[in-house]
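User: Please take a close look at one part of this model and the packing around that part. A single connected account, tied to named residues, would be most useful.

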Amino acid sequence: MLKDLINFYRVENLEKARVFYTKLGLPLYKDQGKCLIFDAGFGKLGFCNHFPSKVSDQTCITFVYDSREAVDKMFEKLGGETPSYNEHFKIYHFFVLDPNGIKLEFQVFEE
């Protein structure tokens, strides 16, 4: 039986990742020296500085919220592209880069 899920991403600066994802409200689950693992409550995000290659430009971590207001609150906290509605996917969302250049999306499904 599946117990958990961790997505790992290579970063240059673990301390910047620690500060940023803690600011997002994700508690640190494990500090393994070369990797930090944060608990999102529905899976985990790991950031490591020992992987041999950089993250692809196609990588995107998406945080799903329950309202436009919650998405707007994250935009006020982080900045980034102005939130907008995407008719094709029926989502309200915005993008921002984390301190290590990983693309993040904050969205709400509006079906």
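Analyst:
**Helix α2 and the sheet beneath**

In this predicted model, the elements that cover the buried residues of α2 include α1, β7 and β8. The helix spans residues 68–78 and lies across β6, β7 and β8 (103–109), with its axis at about 20° to β7.

The two sides of α2 can be described in turn. Ala70, Val71, Met74 and Leu78 are the residues given as buried in this helix. Around the axis they take up an arc of only 100°, which puts them on the same side of α2. The other side carries Glu69, Lys73 and Glu76, which are exposed. Just after the helix comes Gly79, whose phi is positive at about 75°.

The sheet is the next element of the picture. Four strands make up an open sheet in the order β5-β8-β7-β6, and their pairing is mixed. The edge positions belong to β5 (60–64) and β6 (84–86); each has a single partner strand, so one side of each is left without a neighbour in the sheet. From one strand to the next, the twist averages 35°.

The pairings can be followed along the sheet, beginning at β5. This strand runs parallel to β8, and five bridges join the two. Within this pairing, Ile61 has Leu104 of β8 as its bridge partner. Between β8 and β7 the sense is antiparallel, with seven bridges. These two strands form a hairpin with five residues between them, and Gly101 in the turn has a positive phi of about 85°. At the β6 edge, the pairing with β7 (residues 91–97) is antiparallel and rests on three bridges. Asn86 is bridged there to Ile91 of β7.

The loop between β6 and β7 contains Lys90. Most residues other than glycine have a negative phi. Lys90, by contrast, has a positive phi, near 55°. This lysine has 33% relative accessibility and therefore counts as partly exposed.

Which residue of β8 is the bridge partner of Phe94? The partner is Phe106, and these two residues also meet through their side chains. A pair of aromatic rings is described by the distance of the centres and the angle of the planes. The model has nine aromatic pairs in total. In the pair formed by Phe94 and Phe106, the ring centres are 5.1 Å apart and the planes lie at 15°, so the pair is stacked. Because Phe94 belongs to strand β7 and Phe106 to strand β8, the pair ties together parts that are twelve residues apart in sequence.

Both of these residues are buried, and the cut-off for that class is under 20% relative accessible area. Phe94 has 1% relative accessibility and so counts as buried; Phe106, at 0%, likewise counts as buried. The setting of Phe106 is a strand that is mostly covered, since five of the seven residues of β8 are buried.

A further lysine is placed against an aromatic ring. The charged end of Lys103 sits over the ring of Phe95, 5.2 Å from the ring centre. Another such arrangement involves Lys44, whose charged end lies over the ring of Tyr29 at 4.4 Å from its centre.

Helix α1 (residues 14–23), one of the elements covering α2, has its own buried residues: Leu14, Ala17, Phe20 and Tyr21. Viewed down the axis of α1, the buried residues fall within an arc of 130°, so they line one face of the helix. Their packing partners are β3 (35–39), β4 (44–48), β5, α2 and β8. Two of these residues, Phe20 and Tyr21, belong to an aromatic cluster that also contains Tyr9, Phe38 and Phe47.

The segment after β8 is where Glu111 is placed. With 85% relative accessibility, Glu111 counts as exposed. From Glu111 to Leu14 the C-alpha to C-alpha distance is 37 Å, and the two are 97 residues apart in sequence.

In summary, α2 lies across β6, β7 and β8, and its buried residues are covered by elements that include α1, β7 and β8. On its other side, Glu69, Lys73 and Glu76 are exposed.

Notes
Residues numbered from 1 in each chain as written. Predicted model: local features only at pLDDT ≥ 70, side-chain atom pairs only at ≥ 80, totals over all residues. Heavy atoms only, no water. Pairing = 2+ DSSP bridges. Axes fitted to C-alpha atoms, helices over the stretch in contact; angles between N-to-C directions. Contact = heavy atoms within 4.5 Å. Phe/Tyr/Trp six-rings, centres within 6.5 Å; stacked < 30°, edge-to-face > 60°. Buried < 20%, exposed > 50% of the residue type's maximum accessible area, 1.4 Å probe, protein only. Lys NZ or Arg CZ within 6 Å of the ring centre and 35° of its normal. Arc of directions from axis to C-beta.
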